[in-house]
Structure formats: C-alpha cells, structure tokens
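Here is a protein to look at with the viewer open. Take a moment to turn it around, then read on.

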Amino acid sequence: MRPLPLQGVKVLDVCQVMAGPYACMLLGDLGADVIKVEPPGGGDQTRGSMGFKMKGPDSMGFLNMNRNKRSIALNLKSKAGRDVLVQLARDADILIENYRPGAMKRLGLGYDDLKAINPKLVYTSISGFGQTGPWADRPGFDLMAQAMSGVMSVTGYPGGPPVKAGVPVADIGCALFAVYATLAAYIGAKGSGQGQYVDASLFDSAIAFSIWDTCDWWGTGKPPQPLGTSNKMTAPYQAMRSSDGYFVMGANNQKLWQLLCNVIGRLDLLADERFTTISLRLQHRAELEVELEKTFVLQPKDYWVDTLLAAGIPAGPILTYPEAFESEHGKARQMRMEIDHPIEGKVPNIGFPVKLGGTPAQVRRHPPLLGEHRAEILSQLGLNAAQQAELEQQGAFAV
C-alpha cells in the first residue's frame, strides 16, 4: 500500500480538552507520528470528563479525540521535564499547544525558544481569543467563543432565550482551521527550511463561520437576528410541521418554488403577491410558513420527504444521533468504527470524516493510556535506562 500522506511527520501534541487534541488526531489519522505530552497525574483533562464512567480512567470523549497518538507524561514545571520536551522538539516538524497565551513562553518553551534549536519547526498555538488583543488573556472555551463572536445572537428563535449551537462549532472549527494553516506552513517549511508561528483562536474561527450573517449586516446595516431553522438568503428553506412531526425541506430558488407549489397542489401560492419572488418570500416568511403547513399537516413527515425527493426537491427527516449512525447511509459511510483498547476492549469511535481514495486514513494506535509510551519515546531520543531513571529522579515525570 502507498504510505499515508503524513508518514514521517513528527507532531508534538501539547494540548488538552478538544480543539488541540482533535487537530492533532486528524494529523495522526493521516499518518503523522503524534506524541501527546500530558501533565502527570490526571493527564489531559478530558480523560476524566463526562458524567459517566468507563471500565478504565479515560472518558469516551478522550477515546474519540486521541487515537493514533503516543503518550508521555511530562512535568513541564520541572527543568528535567522541560529538557525532555526541548529534546523532542529538536527534530519535530510541528508542535501544537493550547495553553493560556504566554504560558509556554514563561516556561522557556515558546516559539522563539524552540525555533532557535529547530528553525523548520511549525509552532501552532490554539487559544480562546488569540495571542494578541484585549481579550487574549481571558480563558476561552467553546461557549464563550460562540457568545462573544456573535454566533449565539443568531441561534435559536426570535424572542427566545440565548441558545448555543448544539455542537461545539468554535472548537471543531478552530481545529480545522489550525490543521489547514499548520499543514500550509509545514509545506512551506519543506521548501524554505523555515518554519513559522501559527496563531489560531476559537473566537476568530467562530466569526469565520458567519459569512451569510455578516454579509447581511454589512449589506443592510441591521444586525442579524435568530431565525430558528430558517435561512436569511432564501425561503422556504427550513423545518416544516407535518401530521406526525417535523421534517426539513428547501425550495431555495424560483424553479424549485414553482415545482413545490405544483407538487403539493398549492397553485394559489404562485399567484399570491406576497410570494412571487425570493425577496418577497423572505419578507413574508412567517406567512409563507403558515400557508405551507396548512398542506403539510395533512400527511406524515415520511410521506412529504418521499414525495418531495421524488420530485427533485431537497428534503429530509430530522434524525437523532442513534438514527443517523444506524441509518443505511451512516453505515455505508462507515461513520461508526470500533478500536481495540487494552482496558475497554472494543471502543466505538466516530468514523473518518473525509475519505481519501489512494491513502485512506487508518487507525494505527488505540487512544493511549497516560504515559503509556514513555520508555519507547525516551529510547528514541537515545536515552538509556540509567538516564531515564535519572530524569525520573529529577521530577520529569512526577506530579
């Protein structure tokens, strides 16, 4: 088989919780050698998160964000621990960290410190609000990024209480943006021999998702408001009520609108002056929803999904996660896989989100136990058993 595209790339994962570990896992899935550097004792905070217990000490969340990594526990507050990280960085291609801005620099492990010994190193910092600006020192999690970027202001229904997006869009978005920038910098370093610093933040990433909302504000001068499941660019494009629940549909251009009215037997809507253009339908979105649901409530949701799809109109059911994973399509796309784990046995993992035709992503390592690969990693640095024991005595691996 062809080697994975990132085979031979050495990544130091000095991260905890979500955005950083997820970004590093994506690199590991594509073949990178990811060394997860964790604090001794509990390790990555996500190991002990979530409200239910597994057989071992690690949470299901940790097990889904840390496959294809090796773990070493280092006390970076000790000189011995810092010295080990410096040795690891000497031949690393990428380092990703997500501690509070300035924390690594204060330990003598910032970008300037490490590029002095490894000029080709790509050093990526992930934080809540970035490394500069008046909010840089604030602790930042997905919720704060959603709130302060404007995302929460357009989520939910008009007049309702604040609502966050149901999935961590700022965390995952930042991980994806960090990966693309990090890989771009890595490719550049291969040609120039010079790495660079990458500053990625949850706040910036959440704002970057707001294209339609921001353009609406810039174009009209009016701050966008929450619209429920509707869309500010076109209508009807939303969830609709049927006789037994809701489904989603989208007649988001004039051709589909005319087709929809014909399929559901509502030719009267084509002649209704409130609905003749997309602009008018947007202005009268609430009235349009009422008119369409007069017809949709006459049949169950599956009937409407099948009917609209048969006519070429986009539509779909609203599934729970179990329904999505167990659907024929979810199974065909292999969106659930199982990983062998030394304590948990078979561990379910979310499948690879992108399929490469020539070098498909692979599970090469189970999510690591805390410090599982310490001896292996130190041996690769050329440290013998006596030297490893000396580091331990100096507090490199202790709490």
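## A charge over a ring

A charge sits over a ring if NZ of Lys or CZ of Arg is within 6 Å of the ring centre and within 35 degrees of the ring normal. Keep in mind that this is a predicted model. In it, the charged end of R374 sits over the ring of F397, at 4.1 Å from the ring's centre.

## The whole chain

Let's zoom out. The protein chain has 399 residues, and 44% of them count as buried. Its C-alpha atoms fill a box of roughly 85 × 45 × 40 Å along the principal axes. Along the chain you'll find 18 helices and 11 strands.

How much of the contact joins residues at least 24 apart in sequence, if we look at pairs at least 6 apart? The share is 68%. Sequence separation and distance in space are two separate things to check, though. Take K294, which lies in helix 13 (residues 285-296): K294 and P168 are 126 residues apart in sequence and 35 Å apart in space, going from C-alpha to C-alpha. K294 is partly exposed, because its relative accessible area is 48%.

## Rings that pair up

Now for the aromatic rings. The model has 13 aromatic pairs. One of them joins Y123 and Y197, with 5.8 Å between the ring centres and 35° between the planes, which counts as tilted. Y123 belongs to strand 5 (residues 122-127) and Y197 to strand 6 (residues 197-201), so this pair ties together parts that lie 74 residues apart in sequence. Are these two rings' residues buried or exposed? Y123 is buried, at 1% relative accessible area, while Y197 is partly exposed, at 32%.

F177 and Y180 make another pair, this one edge-to-face, with centres 6.3 Å apart and planes at 70°. Both sit in helix 7 (residues 169-192), and because they are 3 residues apart there, about one helical turn separates them. Why does that spacing matter? An α-helix has 3.6 residues a turn, so residues three or four places apart point the same way. As for the surface, F177 is partly exposed at 29% relative accessibility, and Y180 is exposed at 58%.

There's also a cluster to find: ring pairs link F247, F296, Y303 and W304.

## Two helices that cross

Two packed helices are described by the angle between their axes and the distance between the axes. Try that on helix 6 (residues 142-149) and helix 7: the angle is about 95° and the axes are 7 Å apart. Angles of 65 to 115 degrees count as roughly perpendicular, so helix 6 is roughly perpendicular to helix 7.

Which residues meet where helix 6 touches helix 7? From helix 6 come D142, A145 and Q146, and from helix 7 come V169, A170 and D171. By type, the residues of this contact divide into 3 nonpolar, 1 polar and 2 charged.

## A covered helix

Finally, go back toward the start of the chain, to helix 1 (residues 19-29). How many of its 11 residues are buried? The count is 11 of 11. Among these buried residues are Y22, C24, M25, L26 and L27, along with D29. After helix 1 comes G31, which has a positive phi, near 110°.

Terms used
Residues are numbered from 1 along each chain as its sequence is written. This is a predicted model: local features need pLDDT of at least 70, side-chain atom pairs count only at pLDDT 80 or more; totals for chains, interfaces and linings use all residues. Side-chain values use heavy atoms; hydrogens and water are left out. Rings of Phe, Tyr and Trp (its six-membered ring) pair if their centres lie within 6.5 Å; planes under 30 degrees apart count as stacked, over 60 as edge-to-face and the rest as tilted. Helices (H or I, at least four residues) and strands (E, at least two) are DSSP runs, numbered from the N terminus. Buried means under 20% relative accessible area, exposed over 50%, partly exposed in between (1.4 Å probe, protein chains only). Axes are lines fitted to C-alpha atoms, for helices over the stretch in contact, and angles run from 0 to 180 degrees between N-to-C directions. Angles under 35 degrees count as roughly parallel, over 145 as roughly antiparallel, 65 to 115 as roughly perpendicular and the rest as oblique. Contact means heavy atoms within 4.5 Å. Ala, Val, Leu, Ile, Met, Phe, Trp, Tyr, Cys and Pro count as nonpolar, Asp, Glu, Lys and Arg as charged, and the others, Gly among them, as polar.
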